[in-house]
Amino acid sequence: MKMSVGLKTMAFVKLNRRVRRILNVRKYVSDQLLADGEVKKQRIPLNINTNMLKIGFLGGGKMAQALAKGFIRAGLSKGEMMLASCLPNDIGSIETFKEMGSNTVFANAPVIDYGDVLILSVKPQVVPKILPEIHDNKKLLISIAMGVSLTSLERALPEKTPVIRVMPNTPALVGCGATVFTRGKYASDKDAEVTEKLFSAVGICEQVPENLIDPVTALAGSGPAYVYIIIEAMADGGVKMGLTRPIAYKLAAQTVLGAGTMVRETNIHPGQLKDDVTSPAGSTITGIHHLEKQGLRSALIDAIEAATLRCREVSLQTEKDK
Ligand SMILES: NC(=O)c1ccc[n+]([C@@H]2O[C@H](COP(=O)([O-])OP(=O)(O)OC[C@H]3O[C@@H](n4cnc5c(N)ncnc54)[C@H](OP(=O)(O)O)[C@@H]3O)[C@@H](O)[C@H]2O)c1
C-alpha cells in the first residue's frame, strides 16, 4: 500500500527523532577548531540543537562532501558540528565545507579528537598514513576507503577499535545513495545501527558480508559513472533526431530516474517491465534490437566484472604496500 505524502513526512520525522535518540549524542560541543589546526574552547550557543552527531571527516574530498551535505539535508548533523581535515592546497574542498558552515583543519589529530564518529574518507593509499594517528579505541571508525579490508583496518588501529567498512556512492549527495556496510569484530549492534541510520538518511543502506563489498563497489560505487554515460548517449541520440540539448538531458535523466523508481517501487522484474512497454513491431523493440546487436548487456556485465577484479587488485596492492 502506498503512503500519502503526509504519512511519509510523519514517518520521516519519527525516524529522525528515533535516530537522534539512538545516536545518544553528547550535550555539549566545547571545541571550536580553526583552519590552522588550533583548538579554541567554547560553549555552544543555546540555539544549536545538540541532539545531533559530531562527525569528523578524515579527508574532505568529494565523497566526504557528498556525505556531509546528505547528513545535513537529512537533519542528522549540522555544518557547524562537522569537521574535516583537508590538505592546505585543496582550496575547493575547504571552500565547500565553509559553505556548509563546517570548519576544516590541515591536520588529522583535531578531527580524531572532535568527532563522535570518524569517517575515514581519504584515498586507499593514504589510509596507512592516517590510522597510526588514532590512539584509542573509544570512537567508531567508519571507513569508506575502497579496497581496504576490515582486517587491515583493525590491525592498524588500537586493539578493539570499533570499525565499520562502508561502500557508499555519490548520489548520497541528493539523498539517493546506495550504500552497503560490513561490521568489524568490535563494532557493536549500536555502531551498526548508527551507521545504518546515517547512510539510510542519504539513500538505501544494506548490511552485506565483506566478500561482497568489491562487487558492490563495481556495481553501485562505479555505477553512477556508467549511468551518466548512458544518459549522455541517450541525450546525444535525442539531439541527433532534433531535440535541443537541455530537453534531451532532462528527458534522459528523468527516464533513468523513472525506470529505476519503477523497478524499486513495483518490485516487478525489469524484464517484465521491459516486455510491458514493447509492443509488437513497435519502435521500442526496434531500439532494443539495436542495443542487443551492439552488446549493451554484455558490455555492462563485463564492466562490472572488470571493475570488481580491479577492486580486488587495488585491495591486494594496498595490503602489499603496508
Ligand atoms: N567518489 C566515489 O564515488 C566513491 C565511492 C565510494 C567510495 N569512495 C572512497 O572514498 C574515498 C575518498 O574518495 P573521493 O572520491 O572522495 O576522493 P578525493 O576527492 O580525492 O578525497 C580524498 C581527500 O583526502 C585528502 N587527503 C589526501 N591526503 C590526506 C591526508 N594525509 N590527510 C587528510 N586528507 C588527505 C585529499 O586531498 P588532495 O585532493 O589534495 O590529495 C582529498 O581531498 C576513497 O577511498 C574512495 O575509494 C569513493
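Which residue in strand 6 does Ile55 stand opposite? In this predicted model, Ile55 stands opposite Val117 in strand 6. The pairing between strand 3 (residues 55-58) and strand 6 (residues 117-120) runs in the parallel sense and comprises four bridges.

**The sheet**

Strands 3 and 6 belong to an open sheet of eight strands, arranged in the order 5-4-3-6-7-8-9-10 with mixed pairing. Strand 5 (103-105) and strand 10 (203-207) each have a single partner strand and stand at the edges, so one side of each lacks a neighbour in the sheet. On average, neighbouring strands of this sheet are turned by 25° against each other, direction ignored.

Helix 2 packs on this sheet, and its direction makes about 165° with that of strand 3. The strands touched by helix 2 are strand 3, strand 4 (82-85), strand 6 and strand 9 (177-183).

**The ligand shell**

Helix 2 also contributes to the surroundings of the ligand: three residues of the shell come from this helix, the largest share. In total, 28 residues surround the ligand, and the closest are Gly59, Gly61, Met63, Ala145 and Met146. The elements that give two or more residues to this shell are helix 2 (62-73) and helix 5 (127-130).

The composition of the shell by residue class is as follows.

| Residue class | Residues in the shell |
|---|---|
| Nonpolar | 13 residues |
| Polar | eleven residues |
| Charged | four residues |

Helix 2 thus links the two parts of this description: helix 2 touches strands 3, 4, 6 and 9 of the sheet, and helix 2 gives three residues to the shell around the ligand.

Key:
Residues are numbered from 1 along each chain as its sequence is written. This is a predicted model: local features need pLDDT of at least 70, side-chain atom pairs count only at pLDDT 80 or more; totals for chains, interfaces and linings use all residues. A residue is near a molecule or strand if its C-beta atom, placed from the backbone, lies within 6 Å of it. Ala, Val, Leu, Ile, Met, Phe, Trp, Tyr, Cys and Pro count as nonpolar, Asp, Glu, Lys and Arg as charged, and the others, Gly among them, as polar. Two strands pair if DSSP finds at least two bridges between them. Axes are lines fitted to C-alpha atoms, for helices over the stretch in contact, and angles run from 0 to 180 degrees between N-to-C directions. Two residues are in contact if their C-beta atoms, placed from the backbone, lie within 7 Å.
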